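Reader: I am in my first year, and I would like to understand how the words used for a protein model follow from its values. Could you take me through the reasoning step by step?

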Amino acid sequence: MSGGRFSLCQGLPTDSMVGSLSLLWLVAMTTSLVSKAQILTPQDYDEEDYEALTTPSSGAVRCDYDRCRHLQVSCKELQKVGPVACLCPGLTREDQQPDPPRLGEVQILAEEGCAVVHWCAPFSPVNHYWLLLWEGNSAPHKSGPFNATVRRAELKGLKPGGSYDLCVVAANDAGESRVPGADAEGPENWAEPSFGPCRKLIMPPRPVTLVHAAAGVGTALALLSCAALVWHFCLRERWGCPRRHGTTQDSEAL
């Protein structure tokens with residue numbers, strides 16, 4: 001060290017040399033990594049690995065529950081039966097009144113004067129059902145309660161040719177389902193939905209009644225025809241047959 005000037009020791013790299021070496025090392029490492037890297041495509045995955053990624057590991061399935069099936073056990077009971085808990089449809093809370101059921105097929109038996117009613121359970125907890133039947137503007141007739149598994153009931157004592165309004169009601173501890181238009185004056189003023197808990201029933205006449213009516217009409221027509229013929233012959237016997245004028249002149253000429 002002389003002249004107040006400092007000099008670097010021989011053999012040690014300067015700042016520019018250190019930067020160059022670091023850059024070369026970084027380039028070398030990047031090249032090595034890129035050469036070893038492999039681009040993964042969907043074909044590189046095995047089908048088993050893909051299914052493992054897309055399929056839930058729990059293997060849960062839906063419960064064999066049909067809300068329109070007669071004598072259908074609740075979905076909670078089905079979850080307890082299987083070895084693995086199955087999935088149930090979502091329901092409303094138990095502290096809320098149930099949604100209205102959906103009235104399904106109604107099979108009318110005119111000869112017996114009855115109807116078989118089918119319905120589907122709502123997506124709500126239900127303890128029991130009952131039916132409401134109106135005949136005209138009279139007060140509704142309420143059936144006895146049906147347990148939560150029932151989806152079918154039979155109505156008896158329906159009059160041939162009568163018109164009725166039918167509704168199915170679901171109930172739980174929080175209350176009962178709403179009947180559409182129940183606040184209106186009489187079921188005839190209801191706005192009937194396409195799919196709902198209510199429907200209008202029109203009972204056809206019994207086939208025996210139709211046969212009797214046809215036989216009565218035929219007998220009446222036969223009696224009228226006989227009376228017309230008898231009346232016609234009586235008139236001819238009383239007043240005689242009118243002779244034609246031309247026929248009389250020909251007889252006199254002969």
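**From values to words**

Author: Let us begin with a single cysteine in this predicted model: Cys 88 has a relative accessible area of 30%, and because the range for partly exposed runs between 20% and 50%, Cys 88 is called partly exposed.

Reader: What makes Cys 75 buried or exposed by that rule?

Author: Cys 75 has a relative accessibility of 9%, and since buried means under 20%, Cys 75 counts as buried.

Reader: How do you know that Cys 75 and Cys 88 form a disulfide?

Author: Their sulfur atoms are 2.0 Å apart, and because a disulfide requires a pair of cysteine sulfur atoms within 2.5 Å, the pair qualifies. The torsion about this S-S bond is -100°, and the link is left-handed. Cys 75 lies in helix 3 and Cys 88 in the loop between helix 3 and strand 1, 13 residues apart, and the pair is said to link distant parts of the chain.

Reader: How many disulfides does the structure hold?

Author: The structure holds four disulfides, and with bonded cysteines counted along the chain they follow the pattern 1-4, 2-6, 3-5, 7-8.

Reader: Why is the disulfide of Cys 63 and Cys 86 called right-handed or left-handed?

Author: The torsion about the S-S bond of Cys 63 and Cys 86 is about 95°, so this disulfide is right-handed. Cys 63 lies in the loop between helix 2 and helix 3, while Cys 86 lies in the loop between helix 3 and strand 1, so the pair ties together parts that are 23 residues apart in sequence. The sulfur atoms are 1.8 Å apart, and both Cys 63 and Cys 86 are buried.

Reader: What does the link of Cys 167 and Cys 198 tie together?

Author: Cys 167 and Cys 198 have their sulfur atoms 1.9 Å apart and form a disulfide. Cys 167 lies in strand 7 and Cys 198 in strand 9, so the pair ties together parts that are 31 residues apart in sequence. With 110° about the S-S bond, this link is right-handed, and Cys 167 and Cys 198 are both buried.

Reader: Why is the contact of Asp 165 and Lys 200 called a salt bridge?

Author: The side chains of Asp 165 and Lys 200 meet at 3.1 Å, N to O, and because a salt bridge needs a side-chain nitrogen of Lys or Arg within 4 Å of a carboxyl oxygen of Asp or Glu, the pair meets the rule. Asp 165 lies in strand 7 and Lys 200 in strand 9, so this pair ties together parts that are 35 residues apart in sequence. Asp 165, at 7% relative accessibility, counts as buried, whereas Lys 200, at 37%, counts as partly exposed.

Reader: How do you know that Arg 69 forms a salt bridge with Asp 64?

Author: The closest N and O atoms of Arg 69 and Asp 64 are 3.4 Å apart, which is within 4 Å, so this pair is counted as well. Arg 69 has a relative accessible area of 34% and is partly exposed, while Asp 64, at 56%, is exposed, because exposed means over 50%. By this rule the count comes to six salt bridges, and one of them joins Lys 76 and Glu 94 at 3.2 Å, N to O.

Reader: Why does Leu 221 count as buried or exposed?

Author: Leu 221 has a relative accessibility of 52%, and because exposed means over 50%, Leu 221 counts as exposed. Leu 221 lies in helix 4, and together with Val 217 and Leu 224 makes a nonpolar surface patch of about 310 Å².

Reader: Which residues have the most contacts inside the largest nonpolar core?

Author: That core has 20 residues, and those with the most contacts inside it include Val 117, Trp 119 and Leu 158. Its largest share, four residues, comes from strand 7. In soluble globular proteins, nonpolar side chains tend to be buried together.

Reader: How many helices and strands are there in the protein chain, and what share of its residues count as buried?

Author: There are five helices and nine strands in the protein chain, and of its 254 residues, 21% count as buried.

Note on methods:
Residues numbered from 1 in each chain as written. Predicted model: local features only at pLDDT ≥ 70, side-chain atom pairs only at ≥ 80, totals over all residues. Heavy atoms only, no water. Helix = DSSP H or I, 4+ residues; strand = E, 2+ residues; numbered from the N terminus. Buried < 20%, exposed > 50% of the residue type's maximum accessible area, 1.4 Å probe, protein only. Patch = residues over 30% accessible without salt bridge, like charges linked within 9 Å, V, L, I, M, F, W, Y side chains within 5 Å. Areas by Shrake-Rupley, 256 points an atom, 1.4 Å probe, with all protein chains shown as cover. Core = buried A, V, L, I, M, F, W, Y, C linked by side-chain atoms within 4.5 Å.
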